[in-house]
Amino acid sequence: MAQSVAALYHGWEYQARLFWIHASRMFQDRPKVQRVGFENDEVRSFDDITVHYEGLVESGEPVSADFYQVKFHMAGGAIRSDDFADPAFINAKSHSLLHRLRDAKVKFGDKSVARFRLYTPWRIHPDDPLIEAFSNVDNSFRWDVLSAGKTPNSKFGAIRKLWRDHLELTDDEELAAVLKAFRLESGLTLLEIERELNLRLACFGFVPVTEGSLLHPYEQMVSRLFTSGRNEFRREDIDRLCSQEGLWIGRSLPEPDAVRVGIRSFI
């Protein structure tokens, strides 16, 4: 029982720290992130963290939002192809991660430029063929690799058949459409994500958390805000909340609206 409670608690810590990492992006110069949320039911099962953008273009395509499912594990492990079709993998009874991904795509339609991310410290198992189709460029599954093999007896054909049958799809084209917006993001460990967050806090004008401290004011703030019914924030909201709680120092770098001046001392 104690172990299961610890897992739940650390899972919440993991999610809260990732939320603040994305919230800090709103304090960059000329930020693309416009609002960040947690436990937002806009997309079921990709509702742990939501990040909405304005003016973001990646790989030549505009991106409107990222929807995260955050899955923390206390112990090491790896993801296999059949986990995507197993409801137990996301602690569900009937709907798998692939089901949730398909439903999200249906909700947003083909014109959507949203992405749906699984953020976890686990990686794809090195013995699973799926690892060969994983892109280290953008965390997507490379369809040019996954589509290789014409029969279900081929290594990628077997994966496609498993996923098609699970989703009751008629062909690979439909499967490709479901997978297009999915990203498997290899997350940091709990300690690593704490260190990454502290660097961002110090960089963007927030009070860093003392290393090794038993109390984490930013995680506590997320908990209090969630219980009060607030779960989506813009830059000005975070600025005001952190100022009220004494967690805002101010940027040592120029603010985004500062005028930059260059001086040429000689020709």
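Let us start with disulfides: this structure, which is a predicted model, holds zero of them. Why is there no bond at C203? The sulfur of C203 lies 15 Å from the closest cysteine sulfur, which belongs to C242, and that is too far for a bond. To count as a disulfide, two cysteine sulfur atoms must be within 2.5 Å. Seen from the other side, the result also holds: for C242 the closest cysteine sulfur is the one in C203, at 15 Å, so C242 is too far away for a bond as well.

Please look at the surroundings of these two cysteines. Is C242 buried or exposed? C242 counts as buried, because its relative accessibility is 0%. C203, in turn, has a relative accessibility of 35% and therefore counts as partly exposed.

I now turn to the interior space. How many cavities of 30 Å³ or more does the structure hold? There is one. The largest cavity has a volume of about 30 Å³.

Which residues line this largest cavity? They are F84, L97, L98, L101, F141, L179 and F182. I would ask you to find each of these in the structure above. Helix α2, which covers residues 97–108, supplies the largest share of the lining, namely three residues.

Finally, consider the chemical classes in that lining. The largest cavity is lined by seven nonpolar residues, with no polar and no charged residues.

To summarise, the predicted model has zero disulfides, and its largest cavity has a lining with seven nonpolar residues. Thank you for your attention.

Conventions
Residues numbered from 1 in each chain as written. Predicted model: local features only at pLDDT ≥ 70, side-chain atom pairs only at ≥ 80, totals over all residues. Heavy atoms only, no water. 1 Å grid on protein atoms, 1.4 Å probe; cavity = no way out; pocket = protein on both sides within 12 Å on 5 of 7 lines; lining within 4 Å. Points joined across faces, edges and corners; volume = space filled by probe spheres on them. Helix = DSSP H or I, 4+ residues; strand = E, 2+ residues; numbered from the N terminus. Nonpolar A, V, L, I, M, F, W, Y, C, P; charged D, E, K, R; others polar. Buried < 20%, exposed > 50% of the residue type's maximum accessible area, 1.4 Å probe, protein only.
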